[in-house]
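Colleague: I would like to learn how to read a model like this one, feature by feature. Could you walk me through it?

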Number of protein chains: 2
Amino acid sequence: MSTDLVRWRLDIAYDGTAFIGWAAQPGQRSVEGDLAGWVGRILSLDEPPRLTCAGRTDAGVHARGQVVHVDLPATTETGRSEMRDTGAVLAHRLPRALPADIAVRGVTRAPDGFDARFSAIWRRYVYRLWDDPADADPLRRYQVVRHPEPLDVSLLADAGADLIGLHDFAAFCKRRDQATTIRTLQRVEAVRLGDRTIEVTVQADAFCHSMVRSLMGALTAVAAGRKDRTWLQGLLTRTERANDVTVLPAHGLTLEEVGYPADAELAARAAEARTTRSLREERA
Amino acid sequence: MSTDLVRWRLDIAYDGTAFIGWAAQPGQRSVEGDLAGWVGRILSLDEPPRLTCAGRTDAGVHARGQVVHVDLPATTETGRSEMRDTGAVLAHRLPRALPADIAVRGVTRAPDGFDARFSAIWRRYVYRLWDDPADADPLRRYQVVRHPEPLDVSLLADAGADLIGLHDFAAFCKRRDQATTIRTLQRVEAVRLGDRTIEVTVQADAFCHSMVRSLMGALTAVAAGRKDRTWLQGLLTRTERANDVTVLPAHGLTLEEVGYPADAELAARAAEARTTRSLREERA
């Protein structure tokens, strides 16, 4: 086996219901633990490889567009003592090996300078709600949250627009020592689909821990008429986690897509992100 | 409690994964059993009421648009010794009582002559497939079937059109003594969605047991290039279940909607259906 390591990009999706979250924790089932374990077993590594993901999702949060990188030998010896491209081996064997709640949609050689976490320029999450018990679809009960009050979706969208831009989102973040809570919220959109499910799209350069679910708690408080937009705007001036903001349940949240710049800009972006955001955590 | 019975229409949805099917069976968990049990408990009936549904779904088959009727007293005594409209009591209490894999979307007083089974003029099912492992979405793994071969969706649609009309679908039906297998297939449509999921819509006046899943087995055999359209058309001339037709897995199938005529025609439709289809079973 070659000792030269190559960076591979894995595009994955998972149902977060049965996981403690992305991050491996002793004695718990995690996406990272399952995925690293199977990559290690398939390639007969001495230990599971280290994985880096774009968004460290919490327990119960789903992903359709999670991106992971892992550094592995370029080629791998197969059962017939042939050397094969490691990415091809993983693309073939991972989908058959992984449990049904994780899917690998692509294994590709990462372009130079690619870092799943630091090269990313945006993360897009969607939070899904039903505000009328009659709309509930049992087939999606682990992915859509039932909201007890009717929600004004256009008010929710307008309130969301108030938050767009570069702000200190401390009111919406679980505080970590020394971690900055300044983020650029790029997009907040709310629509009611034909089946009456409310989908709220939230996109930012990065999110801090519990930020999307806290934003949803604040936006639904406005959309339900419990709070007004002045209160919401005032949250952007706070410097600590706001106790009057509810964190909505994890299972309504899905990491849908992660954006990266053109290949030529990957390394520069990663270097910039490492410097300016070295104390940040990408979490949801 | 009044002894005059009123017919109520229940619109329900369920995730079929954990049920033995619609029909109650001793010692097994069924949709009928759970629903009748909760209606009986909420209304303090001596025993669960008898339910009639539009489509008796099999184990693992889902429903978003199942229709049920049940004959119950017009009013019900509540805890405060008040008499309340039975439908209002059920609409309020059933969603809170039922397990999370059954949803009641509506409880309405049925129009005169309404029969959930015999008044129906069509049933619409959708069968969902992924023909590329890279498209699999773990969040919908219990509702979409992974197909091992690539499928030509326009060929599938064209082949489906060959089956439309009044035919003996014996080749596609699990035989029941004396039951006719003549049905009118009204619609077969196949589309590939933006996320590459294949959705096949199948609508008929009624279906016999395992018919949709057998139709899907035959249509996918053509769409994968294993069989040709001449073989498919020949199935319509057979008088017995065809051993060369595979029954596709239950979990890809969802009863999406049931159609009824205008209120004034309900009774006539039910009488007609009872006469001409008295030996039929509505099954999926």
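Modeller: Gladly! Let us start with contacts: two residues are in contact if their C-beta atoms, placed from the backbone, lie within 7 Å. Please keep in mind that this is a predicted model.

Colleague: Thanks. What share of the contacts in chain A with a separation of 6 or more comes from residues 24 or more positions apart?

Modeller: In chain A, that share is 72%. One example of a pair distant in sequence is Ala13(A) and Ala103(A): they are 90 residues apart along the chain, with 5.2 Å between their C-alpha atoms.

Colleague: And the overall make-up of chain A? How many helices and strands are there?

Modeller: Chain A has six helices and 12 strands. Its radius of gyration is 20 Å, close to the 19 Å from the globule rule for 284 residues, so chain A is as compact as a globular protein of that length. Along the principal axes, its C-alpha atoms fill a box of roughly 65 × 45 × 35 Å.

Colleague: Now burial. What percentage of chain A is buried?

Modeller: The cut-off to remember is that a residue is buried if 20 or more other C-beta atoms lie within 10 Å of its own. On that basis, buried residues are 42% of the 284 in chain A. Take Ala13(A), in strand E1 (residues 5–14) of chain A. Ala13(A) counts as buried because it has 23 C-beta neighbours inside 10 Å.

Colleague: Which residues does Ala13(A) touch, leaving aside neighbours within four places in sequence?

Modeller: In chain A, its contacts are Ala63(A), Arg64(A), Gln66(A), Ala103(A) and Arg105(A), and in chain B they are Asp137(B) and Pro138(B).

Colleague: Let me move to the core. Which residues have the most contacts inside the largest nonpolar core?

Modeller: They are Ile12(A) and Ile12(B), in a core of 160 residues. Beyond four places in sequence, Ile12(A) touches Leu35(A), Ala63(A), Gln66(A), Val68(A), Ile102(A), Ala103(A), Val104(A) and Arg105(A).

Colleague: How should I read the relation between the two chains?

Modeller: In general, two copies of a chain are related by a rotation about an axis and a shift along it. Here, a turn of 180° and a shift of 0.0 Å along the axis lay chain A on chain B with an RMSD of 0.0 Å. The two copies are therefore related as by a two-fold rotation axis. In chain A, the C-alpha nearest that axis belongs to Arg140(A), at 4.1 Å.

Colleague: How many residues does each chain bring to the contact?

Modeller: Chain A gives 20 residues and chain B gives 20 residues. On the side of chain A that touches chain B, E1, strand E3 (62–73) and strand E6 (102–109) each supply at least two residues. The largest share, four residues, comes from E6(A). By class, this side of chain A has 11 nonpolar, three polar and six charged residues. As 100% of the interface residues of chain A are also interface residues in chain B, the copies meet through the same surface.

Colleague: Could we look at one helix? Is H4(B) mostly covered or uncovered?

Modeller: Mostly covered: 12 of the 13 residues in H4(B) are buried. The helix covers residues 211–223 of chain B and reaches 18 Å from its first C-alpha to its last, close to the 18 Å expected at 1.5 Å a residue. Its buried residues, among them Met211(B), Leu215(B) and Leu219(B), pack against strand E7 (122–130), helix H3 (153–161), strand E11 (198–204), helix H5 (229–235) and strand E12 (253–259) of chain B. After the helix comes Gly225(B), with a positive phi near 85°.

Colleague: Which residue other than glycine in chain A has a positive phi near 75°?

Modeller: Arg196(A) is one with that value. Arg196(A) sits in the loop between strand E10 (182–192) and strand E11 (198–204) of chain A, and is partly exposed because 14 other C-beta atoms lie within 10 Å. In chain B, Arg196(B) also has a positive phi, about 75°, and lies in the loop between E10 and E11 of that chain.

Colleague: Last one: where is Asp228(B)?

Modeller: Asp228(B) is in the loop between H4 and H5 of chain B. With 13 C-beta neighbours inside 10 Å, Asp228(B) counts as partly exposed. The C-alpha atoms of Asp228(B) and Asp71(B) are separated by 49 Å, with the two residues 157 apart along the chain.

Terms used
Residues are numbered from 1 along each chain as its sequence is written. Chains are lettered from A and ligands numbered from 1 in the order in which they are written. This is a predicted model: local features need pLDDT of at least 70, side-chain atom pairs count only at pLDDT 80 or more; totals for chains, interfaces and linings use all residues. A nonpolar core is a set of buried Ala, Val, Leu, Ile, Met, Phe, Trp, Tyr and Cys residues joined through C-beta atoms within 7 Å. Copies are superposed by least squares on the C-alpha atoms of residues with pLDDT of at least 70 in both. The expected span of a helix is 1.5 Å times one less than its number of residues. The radius of gyration is taken over C-alpha atoms; the globule rule is 2.2 Å times the number of residues to the power 0.38. Ala, Val, Leu, Ile, Met, Phe, Trp, Tyr, Cys and Pro count as nonpolar, Asp, Glu, Lys and Arg as charged, and the others, Gly among them, as polar.
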